[in-house]
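Biologist: I've got a model open on my screen and I'd like to learn how to read it. Can we walk through a few features together?

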Amino acid sequence: MAQIKCADLTLAYEGHIVCEHLDFEIDKGDYVCIVGDNGSGKSTLMKALLSLKAPAKGSISFSDDLLSRDIGYLPQQSEAQKDFPASVEEVVISGCVSSLKNRFFMGKAERLEAMQNMKMMGIYHLAKESYRNLSGGQQQRVLLARALCAAKSVLILDEPVSGLDPKAAADMYGLIHHLNKHTGTTIIMVTHDIENSLRDASKVLKMGKNPEFFTSVEAYRKAFIDGGEAK
């Protein structure tokens, strides 16, 4: 069974239909890139997958071992968030909140998970540093570690390399590729950086009024890139 299945989905934003008749399935371990013009419904779809917004029509279903609260999410950073006055460790461990259930305080298990994810992202040595003093690339690593604290097996990324210099962007893509290939994490990435992001993708969702789901990058390239401009 697919981890996530969308059937005849219609998405609306502020009362306007942005996407209709969307059907796709995401299997465990997939690396899906979501592309499309501004206003094509990418952000609305993410909110629907995170159960933050109900679709106007159709259904989203999850496998029995996946709850919407178990999906990790890396949003785009605002300028205010970049100046957040907390330590790296505090930011990362805040991603464990959804796992507390009826508890009010972080325990040993949450602190261990935060430590492991900081090590995986190569930022453990920055644990006590102020988040606001880090570089853009380091901040994205912190936020990715935070998202991993919530993610059981699925990670949604919203423009993860936005605002990063080429080296930091390449490092971020490398980390995401590692998560997908070596930990089996399912990746769902919204991106405008089509050429670079498609290198590791396995499937592509082209958003718009009439969306198209491609089960291979080669099929998407043939339809939208080869012989024409990427869309």
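**Reading the fold, piece by piece**

Modeller: Let's begin with one residue: Lys 203 lies in strand β8, which covers residues 203-206. Keep in mind that this is a predicted model.

Biologist: Is Lys 203 buried or exposed?

Modeller: Buried means under 20% relative accessible area. Lys 203 comes in at 11%, so it counts as buried.

Biologist: Which side chain makes a polar contact with the side chain of Lys 203?

Modeller: That's Asp 27, at 3.5 Å. Setting aside neighbours within four places in sequence, Lys 203 also touches Glu 25, Asp 30, Tyr 31, Val 32 and Cys 33, as well as Phe 213, Phe 214 and Thr 215.

Biologist: On to sheets. How do I read strand pairing?

Modeller: Strands of a sheet pair through backbone hydrogen bonds, either parallel or antiparallel. Here, 3 strands make an open sheet in the order β2-β1-β4, with antiparallel pairing. β2 (16-26) and β4 (57-62) are at the edges with a single partner strand each, so one side of each has no neighbour in the sheet. On average, neighbouring strands of this sheet are turned by 25° against each other, ignoring direction.

Biologist: How many bridges join β1 to β4?

Modeller: 5 bridges, with β1 spanning residues 4-13. To find the register, look at Cys 6, which stands opposite Ile 60 in β4. Then look for helix α1 (residues 42-49): it lies across β1, β2 and β4 and runs at about 125° to β1.

Biologist: What about parallel pairing?

Modeller: Try β7. β3 pairs with β7 in the parallel sense over 4 bridges, and β6 pairs with β7, also parallel, over 5 bridges. Ile 187 in β7 is the bridge partner of Tyr 31, and Leu 155 stands opposite Ile 187 too. The chain gets from β6 to β7 by way of α6, in a right-handed β-α-β crossover.

Biologist: Which way do the side chains of a strand point?

Modeller: In a regular strand the side chains alternate between the two faces of the sheet. In β7, Thr 186, Ile 188 and Val 190 point one way, while Ile 187 and Met 189 point the other way. Both sets are covered: 5 of the 5 residues of β7 are buried.

Biologist: How should I look for a core?

Modeller: In soluble globular proteins, nonpolar side chains tend to be buried together. The largest nonpolar core in this model has 48 residues, and those with the most contacts inside it are Val 92, Ile 123, Leu 144, Leu 155, Leu 198 and Tyr 220. Among the elements that each supply at least two residues of this core are β3 (31-35), α3 (88-93), β6 (154-158) and α8 (217-224). There's a second, separate core of 26 residues, including Leu 11, Val 18, Val 32 and Ala 48.

Biologist: Which residues is Val 92 in contact with, leaving aside its neighbours within four places in sequence?

Modeller: Ala 114, Met 118, Ile 123, Val 142, Ala 145, Arg 146 and Cys 149.

Biologist: Last one: which backbone angles should I check?

Modeller: Look at phi in residues other than glycine. Asp 8, in strand β1, has a positive phi near 45°. Asp 8 is partly exposed, with a relative accessible area of 28%. Glu 159 has a positive phi of about 50° and lies in the loop between β6 and α6. At 12% relative accessibility, Glu 159 counts as buried.

Technical notes:
Residues are numbered from 1 along each chain as its sequence is written. This is a predicted model: local features need pLDDT of at least 70, side-chain atom pairs count only at pLDDT 80 or more; totals for chains, interfaces and linings use all residues. Side-chain values use heavy atoms; hydrogens and water are left out. Two strands pair if DSSP finds at least two bridges between them. Axes are lines fitted to C-alpha atoms, for helices over the stretch in contact, and angles run from 0 to 180 degrees between N-to-C directions. Contact means heavy atoms within 4.5 Å. A nonpolar core is a set of buried Ala, Val, Leu, Ile, Met, Phe, Trp, Tyr and Cys residues joined through side-chain atoms within 4.5 Å. Buried means under 20% relative accessible area, exposed over 50%, partly exposed in between (1.4 Å probe, protein chains only). A polar contact is a pair of N or O atoms within 3.5 Å; within protein, one must be able to donate a hydrogen and the other to accept it, and residues adjacent in sequence count only if both atoms are side-chain atoms. A crossover is right-handed if, with the strands pointing away from the viewer, the path from the first strand over the helix to the second runs clockwise.
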